[in-house]
Amino acid sequence: MTTYVYGIANSSHPALPDGMEGIGKPACPVRILKQGDLAAIVSDAPEDLKPKRRDLLAHQNVLSEAGAAGSVLPMRFGSLAPDDETVVSVLGERADHYTERLRTLDGKVEYNVKATHNEQAVLHQVLAENPELRAMVEANQRQGGGSQEQKLQLGEAVTSAVRAREASDAVEVRRSLEPTAEAVADGPESTGWLANISFLVSRKSAEGFVAAVDELRTTQPHLELTVHGPLPPYSFVDPGPAGPAE
């Protein structure tokens, strides 16, 4: 039976959720595999495993239960091993690495921040800061909108200015929030947002991080910020070098 891995913790962790329900329908019982000073939180894996809402929530619930009382290295949804023996073998092979990661991430959570532009607000700002672009707009207006070529030129100029602003605002988001975090990781790029950044934050400093986000919203009202967290520190686990039992 394929083994599903939720996370890794110290074997002395006070609240490993042995026996609670995990993914699957019917739900698979969660169990604990130990090797030396480490423990893996696992269950059987259903044959038709897919990222359904029910299973995503179950995965998150197991990690939340375990992480409430101590440090856990969260595995991303869909982390599989051929069997329990492979999991135990990997715990032994990578013991030093996992122990170091557990120590580094103890007491820390992840906040993911995605930033987009308020299109109207950023357009007004770009025009206000770019006299040449503003002059093009005014010239076209005087000519009843301008020729088709002039409209294309204006559109290209506006698009270029907005893209430049997206790049500078992505830097600003990181610069403004990084001082309140202990580590930063860039997320996958997408056309849906101008910045996708994860921040590793001490639980004790979480209020300061949230306050910094609110301050950024106030000082940069053309930015729309979406914050997810506190989350298990998925972006900062680092599985370590591949080993023969991977």
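Which side chain meets that of Asp55 in a salt bridge? In this predicted model, the partner is Arg54, with N and O 3.7 Å apart. The two residues sit differently with respect to the surface: Asp55 is buried, at a relative accessible area of 4%, while Arg54 is partly exposed, at 37%.

That pair is part of a wider set, as the count comes to 10 salt bridges. Another one joins the side chains of Asp84 and Arg31, with an N to O distance of 2.8 Å. Here the partners come from separate elements: Asp84 belongs to helix H2 and Arg31 to strand E2 (residues 31-35), so this contact ties together parts that are 53 residues apart in sequence. Arg31 is partly exposed, with a relative accessible area of 22%. There is a bit more going on around this pair, too, since Arg31, Asp84 and Asp44 are linked in a network of salt bridges.

A further salt bridge runs between Asp186 and Arg174, whose closest N and O atoms are 2.8 Å apart. Asp186 lies in strand E7 (residues 183-186) and Arg174 in helix H6 (residues 148-177), so the parts tied together by this pair are 12 residues apart in sequence. As for the surface, Asp186 is exposed, with a relative accessible area of 57%, and Arg174 is partly exposed, with 26%.

Now for helix H3. This helix spans residues 95-105, and its buried residues are His97, Tyr98, Arg101, Leu102 and Leu105. Why do these five fall on the same side of H3? They cover an arc of only 130 degrees around the axis, which puts them there together. The spacing makes sense in light of how helices are built: an α-helix has 3.6 residues a turn, so residues three or four places apart point the same way. The other side of H3 looks outward, with Asp96 and Arg103 exposed.

What, then, covers the buried residues of H3? Quite a mix of elements does, including helix H2 (84-93) and the strands E1 (3-10), E3 (38-44), E4 (72-74), E6 (108-117) and E8 (195-202). Helix H2 thus turns up twice in this account: among the elements covering the buried residues of H3, and as the home of Asp84, the salt-bridge partner of Arg31 in strand E2. Past the end of H3 comes Gly107, and the phi of this glycine is positive, near 75 degrees.

Notes:
Residues are numbered from 1 along each chain as its sequence is written. This is a predicted model: local features need pLDDT of at least 70, side-chain atom pairs count only at pLDDT 80 or more; totals for chains, interfaces and linings use all residues. Side-chain values use heavy atoms; hydrogens and water are left out. Buried means under 20% relative accessible area, exposed over 50%, partly exposed in between (1.4 Å probe, protein chains only). Helices (H or I, at least four residues) and strands (E, at least two) are DSSP runs, numbered from the N terminus. The arc is that of the directions from the helix axis to the C-beta atoms. Contact means heavy atoms within 4.5 Å. A salt bridge is a side-chain nitrogen of Lys or Arg within 4 Å of a carboxyl oxygen of Asp or Glu.
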